[in-house]
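Here's a quick look at one structure, with the charged pairs and the nonpolar core as the main topics. Have the model open while you read.

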Amino acid sequence: IEGGVTLRDFLDKEEFRNIRNNTKNCVSIAIQLISAIKYLHSLPPEPIVHREINPETIILLVSLILNL
């Protein structure tokens, strides 16, 4: 993944099949997403509610680090 791709591209494109089929990678991405949402929802004094979390707005970087 050079530079970064959307989660949609990661899920749909054949070129990422080997990375995507690795259970460890998928669990890591899921945990990162859950942790990011939990963090945003727990910020004092007012939580941040992201209203458009979808595969097109989630970016995966080269090292499979997730960005919202």
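What follows covers confidence, then the salt bridges, then the core.

This is a predicted model, so local features need pLDDT of at least 70, side-chain atom pairs count only at pLDDT 80 or more, and totals for chains, interfaces and linings use all residues. Residues are numbered from 1 along each chain as its sequence is written, and side-chain values use heavy atoms, with hydrogens and water left out.

On confidence, the protein averages a pLDDT of 89 (the predictor's confidence in each residue, from 0 to 100), and 97% of the residues score at least 70. Strand 1 (residues 5–6) comes out highest at 94, while strand 3 (residues 66–67) is lowest, at a mean of 84. Helices (H or I, at least four residues) and strands (E, at least two) are DSSP runs, numbered from the N terminus.

Now the charges. A salt bridge here is a side-chain nitrogen of Lys or Arg within 4 Å of a carboxyl oxygen of Asp or Glu, and by that rule there are 3:

| Pair | N to O distance |
|---|---|
| Arg 8 and Asp 12 | 3.4 Å |
| Arg 8 and Glu 56 | 3.2 Å |
| Arg 17 and Glu 14 | 2.4 Å |

Arg 8, Asp 12 and Glu 56 link up into a network. Within it, Arg 8 and Asp 12 are about one helical turn apart, because they sit 4 residues from each other in helix 1 (residues 7–12). The salt bridge between Arg 8 and Glu 56 has another setting: Arg 8 is in helix 1 and Glu 56 is in the loop between helix 3 (23–41) and strand 2 (59–60), so the pair ties together parts 48 residues apart in sequence.

How open are these side chains? For accessibility, buried means under 20% relative accessible area, exposed over 50%, and partly exposed in between (1.4 Å probe, protein chains only). Arg 8 is partly exposed at 30%, and so is Glu 56 at 45%. In the other pair, Arg 17 is partly exposed at 39%, whereas Glu 14 counts as exposed at 52%.

Then there's the core. The largest nonpolar core (buried Ala, Val, Leu, Ile, Met, Phe, Trp, Tyr and Cys residues joined through side-chain atoms within 4.5 Å) has 9 residues: Val 5, Leu 7, Phe 10, Phe 16, Ile 29, Ile 58, Leu 60, Leu 64 and Leu 66. Leaving aside neighbours within four places in sequence, Ile 58 is in contact (heavy atoms within 4.5 Å) with Val 5, Thr 6, Leu 7, Leu 33, Ile 53, Leu 66, Asn 67 and Leu 68.
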